[in-house]
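Reader: I am in my first year and have not read a model like this before. Could you pick a single part and go through it closely, with each term explained?

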Amino acid sequence: CLPLLLTVVTLATTACAEDKKAATPDKPMPKPEVTLSEQEWKKRLTDEQYRVTRTAGTERPNGEEYEKFNKQGDGTYYCVCCGVELFTSGEKFHSGCGWPSFYDQSKAKNVKETMDPDGHRIEVNCKRCDAHLGHVFDGEGFKTPTNRRFCINGVALNHVPKGGPAPKLLELGTAAVEKKKEEVAKEAGVEVKKP
């Protein structure tokens with residue numbers, strides 16, 4: 001029984017640990033609401049947050065973020081990039097995989113799922129800004145309401161204790177939005193004055 005348990009834990013850990021580029025879907029995905037340049041994301045995020053959320057990286061298992069996650073009480077988990085709600089402590093459970101685990105996303109439904117190109121894993125991203133969060137696995141036998149495990153990188157999450165104020169949402173007035181406004185105005189023959 002012990003060798004079987006070790007095999008299952010090893011497979012779960014390996015499944016989450018692989019760094020890879022985000023999936024390329026067969027059909028076009030809707031554009032995220034929030035788009036920043038690489039330089040703008042780098043200014044807003046730590047190096048590790050940027051590596052994980054913007055380049056589909058994976059933090060090391062059982063690290064500092066996982067330890068913090070295990071100590072966090074009731075509350076809500078928001079996207080570290082754009083501030084939108086992703087999960088709550090109500091969906092949190094201990095899976096033993098070394099990364100934060102949830103059996104479902106929050107009622108806000110701001111997590112999108114996309115099949116990896118290899119067809120073996122489902123990547124999860126923030127719907128609002130396309131931040132890479134981790135992966136979701138089905139049918140692993142956890143006694144949860146969904147029998148799913150959202151294996152999430154802790155650096156992608158901002159925990160706010162129950163009753164605390166939600167983080168401010170990243171505004172849509174980014175450089176990309178401003179550029180698009182200028183293009184539309186130019187096409188309409190309107191002169192754009194810059195401050």
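Author: What follows is a close look at the sheet and its surroundings.

This is a predicted model, in which local features need pLDDT of at least 70 and side-chain atom pairs count only at pLDDT 80 or more, while totals for chains, interfaces and linings use all residues. Residues are numbered from 1 along each chain as its sequence is written, and side-chain values use heavy atoms, with hydrogens and water left out.

The chain has five helices and eight strands. Both are DSSP runs, numbered from the N terminus: helices are H or I over at least four residues, strands E over at least two. Five of the strands form an open sheet in the order β3-β7-β6-β5-β4, with antiparallel pairing. Two strands count as paired if DSSP finds at least two bridges between them. The edges are held by β3 (101-102) and β4 (111-115), each with a single partner strand, so one side of each has no neighbour in the sheet. Within the sheet, β5 and β6 are joined by four bridges in the antiparallel sense, and Glu123 stands opposite His135 in β6.

The edge strand β4 also takes part in a salt bridge, meaning a side-chain nitrogen of Lys or Arg within 4 Å of a carboxyl oxygen of Asp or Glu. The side chains of Lys112 and Asp130 meet in this way, at 2.8 Å from N to O. Because Lys112 is in β4 and Asp130 is in the loop between β5 and β6, the pair ties together parts 18 residues apart in sequence. Lys112 counts as buried at 15% relative accessibility, whereas Asp130, at 29%, is partly exposed. Here buried means under 20% relative accessible area and exposed over 50%, with partly exposed in between (1.4 Å probe, protein chains only). Another salt bridge joins Asp116 and Arg121, with their closest N and O atoms 3.4 Å apart. Asp116 is buried at 2%, and Arg121 is buried at 6%. A network of salt bridges links Glu113, Asp138 and Arg148.

Strands of the sheet also feed the largest nonpolar core, which has 27 residues. Such a core is a set of buried Ala, Val, Leu, Ile, Met, Phe, Trp, Tyr and Cys residues joined through side-chain atoms within 4.5 Å. β1 (75-79), β2 (85-88), β5 (122-126), β6 (132-138) and β7 (148-152) each supply at least two of its residues, and β5 gives the most, with three. Cys129 is among the residues with the most contacts inside this core. Setting aside residues up to four places away in sequence, Cys129 touches Pro32, Val34, Trp41, Arg54, Cys79, Cys81 and Cys82; contact means heavy atoms within 4.5 Å.

Past the end of β7, Asn153 lies in the loop that leads to β8 (157-161). Asn153 is buried, with a relative accessible area of 2%. Its contacts, again beyond four places in sequence, include Val52, Trp99, His132, Leu133 and Gly134. Val52 is one of the buried residues of helix α3 (residues 47-55), along with Gln49, Tyr50 and Thr53. The cover over these buried residues of α3 includes α2 (38-44) and the strand β6.
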